[in-house]
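User: I am new to this structure. Please teach me how to read its features, one at a time.
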Amino acid sequence: MNITDVITLIGAIATFLFGMSTMTDGLEKLSSGRLEGILERLTSNVFRGVLLGALVTGLIQSSAATTVMCVGFVNAGIMKLEQTVGIIMGANIGTTVTAQLLRLGDISSDNLLLLLLKPSVLGPLLAAAGVVLYLFLRGGRKRIVGQIILGLGLLFIGMNTMERAVSGLKDLPEFQELFVAFSNPLLGILAGAAVTALIQSSSASMGILQAVSSTGVVRFYTAIPLIMGQNIGTCVTAILSSIGASKNAKRTAMIHLLFNVIGTLFFLALLYVGNTLFHFTFWDSVMNRGSIANLHLCFNVACTALLLPFHKILVKIVEKLVPGDTVAPEFNLLDERFLSSPSVALDQARTAVITMGEKAREDFLLAVELLSDYDEKKLERLQENEATIDKLENTLDSYLVKLTDRALTDPESALVSELLHTLTNFERIGDYAVNVSEIASTMYQRDIAFSPVARDEIRSLTDAVMETLDTTLTCYRNRDHALALHVEPLEEVVDLMQEVLKNRHIERLKAGACTIELGTQFLELLINLERISDHCSNVAMLIVRTTAPVSEHLPDTHTYLKYLHAGGDQEFDRLFAEYREKYFSPIEMEK
């Protein structure tokens, strides 16, 4: 083996790892968070958890990614520790799919169709098809499919090139001695774990072992410790991701490690003792790609079958190994572990934005109650909510900026923009609710109150703003296009009421029926209520535009609103009349 072969081998490994990464990223994008959502919701049964873990890992081709997701879900309080056990066991089975694909290199046939399945032929074909789809098609999902096909093609090309590069190694005595050394199970496990921890992928390290098997020096007694070590090495990713996380998140990573270590120790003892007693005929057999893939699959299935009945005991063991309070952690949606899966991170960010909106709504309700029934406890609750909203805004802002550094699809990028706009509007609604509470506090401290007429006017206006806010939150939470169309007519009624009530109050001031002090507070209150409805309109317009049918080409928001207010839409006019009758007519008649 000369220097050219070494350089070729380095390039082959790089191509193989890049292909693995490209394919995995594409598969995660294609799942669009749906697979992660399944993990989150359908894991109450441990056997179902195994199936789901195997399914998700088989589709995204990364047991480390699946386990890290579990760590994140547990840290966020979304999933319980017990629910992760089955998923982690299933993830070890799902990660064997890549090795089964790479065994296609063992195909030997004169049949053209079977020949096309060989990596040496299939790899370039897939890479070429992937490049065409990825570079020349504009459709988001088509590009992602192209990315997956390109990654798989590069995987096969890298595999084939590695085999050619290492072919000269079989004649080197040093290389043969290296594999003889791996017959020491401890050394083999350490080597497998070290390589896997270094490249952060058991599937990739398995592929490298399959490529080396073409030299004919990989035998069963050397392959089994290496495979066991690879399973242990892949735990490093989850362990690193659990640093700084909650106790239960650390326990989740520990379950992954404990599962693989116990399985390794048990089967290592079983095989070596069994060989000593019975001298297995397969012990010295030469392994090829197919037999390595099958050994990998059988080992992971056997480990799962062994430990699945003891899943509750595993949980108790890790609780002892990682002592501490087992109370559920603080609800933390924006776990940075989710950033490696943008679809999951966006789903969590959207939930956090909705939480901001709900906190802002509660603040508004508390502020309105303070106007008529001042209570220090309500004010304290409102201030706590406001602190939470401000903290969420800062955290979300930073989180979404970090997310933009990831490879996002066009819809994901659009959702990031939508979330940034929405969280700003919800934060401003919270601020205006605080302003309303300050008006209530000022009036309470100065022992002043609105007249019965002014109180009725404010009650009608706050009722209209409350419905505007409720409608906005509901349409945003459900992405309801039809409901979002109700917000702008409501906002227009609030604008009308604010203008009319302002003029009326100025008249009362001129007539001496109201003091300057009360008049200032009343007008300030009107301004804050109207601005809350303005921000509701901003959020609803985002939903109107992002959920509009493809055939409906809406102009820019300013032009669209101008068109609505000019009477260009009959449904808008009908809704405006309906809400005008509901909220404005009662106080109009009082005049």
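User: Is F220 buried or exposed?

Analyst: A note before we start: this is a predicted model. Buried means under 20% relative accessible area. F220 has a relative accessible area of 8%, so F220 is buried.

User: How do I describe a pair of aromatic rings?

Analyst: Use the distance of the centres and the angle of the planes. A search of the whole structure finds 10 aromatic pairs. Take F220 and F282: the ring centres are 4.8 Å apart and the planes stand at 70°, so this pair is edge-to-face. The cut-off for that class is over 60 degrees.

User: Where do F220 and F282 lie?

Analyst: F220 is in helix α13, residues 220–233. F282 is in the loop between α15 and α16. The two are 62 residues apart in sequence, so the pair ties together separate parts of the chain. F282 counts as partly exposed, because its relative accessibility is 32%.

User: Which class fits the pair of F220 and W283?

Analyst: Tilted. The distance is 5.6 Å centre to centre, with 50° between the planes. This pair also links distant parts of the chain. F220 sits in helix α13 and W283 in the loop between α15 and α16, 63 residues apart. Both F220 and W283 are buried.

User: Which residues form one aromatic cluster with F220?

Analyst: Y272, F280, F282 and W283 join F220 in that cluster.

User: What lies over the face of Y134?

Analyst: A charged residue can sit over a ring as well. R143 lies over the face of Y134, at 4.4 Å from the ring centre. There is another case: R508 lies over the face of F522, at 5.6 Å from the ring centre.

User: Now helices. At what angle do α15 and α17 pack?

Analyst: Read the angle together with the distance between axes. Helix α15 (residues 247–278) and helix α17 (residues 311–321) pack at about 115°, and their axes are 10 Å apart. Their crossing is right-handed.

User: Which residues of α15 and α17 meet?

Analyst: From α15 come R251, M254, I255, L258 and I262. From α17 come L314, V315, I317, V318, E319 and L321. By class, this contact has 9 nonpolar, no polar and 2 charged residues.

User: What does A99 touch, beyond its neighbours within four places in sequence?

Analyst: Look past the sequence neighbours to see what the fold brings together. A99 is in helix α6, residues 97–102. Its contacts beyond those neighbours are M206, Q210, A293 and H296. A99 and H296 are 197 residues apart along the chain, with 8.1 Å between their C-alpha atoms. At a relative accessible area of 4%, A99 is buried.

User: How far apart are the C-alpha atoms of L518 and H535?

Analyst: They are separated by 26 Å, with their positions 17 residues apart along the chain. L518 is in helix α24, residues 516–546. L518 counts as buried, at 12% relative accessibility. Leaving aside neighbours within four places, L518 contacts M443, I448, A449, F450 and H505.

User: One last feature. Which sign of phi do most residues other than glycine have?

Analyst: Most have a negative phi. H279 has a positive value, near 50°. H279 is in the loop between α15 and α16, and is exposed at 59% relative accessibility. D447 also has a positive phi, near 55°. D447 is in the loop between α20 and α21, and is exposed, with a relative accessible area of 71%.

Note on methods
Residues numbered from 1 in each chain as written. Predicted model: local features only at pLDDT ≥ 70, side-chain atom pairs only at ≥ 80, totals over all residues. Heavy atoms only, no water. Axes fitted to C-alpha atoms, helices over the stretch in contact; angles between N-to-C directions. Helix = DSSP H or I, 4+ residues; strand = E, 2+ residues; numbered from the N terminus. Left-handed = near helix turned anticlockwise from the far one by under 90°. Contact = heavy atoms within 4.5 Å. Nonpolar A, V, L, I, M, F, W, Y, C, P; charged D, E, K, R; others polar. Phe/Tyr/Trp six-rings, centres within 6.5 Å; stacked < 30°, edge-to-face > 60°. Buried < 20%, exposed > 50% of the residue type's maximum accessible area, 1.4 Å probe, protein only. Lys NZ or Arg CZ within 6 Å of the ring centre and 35° of its normal.
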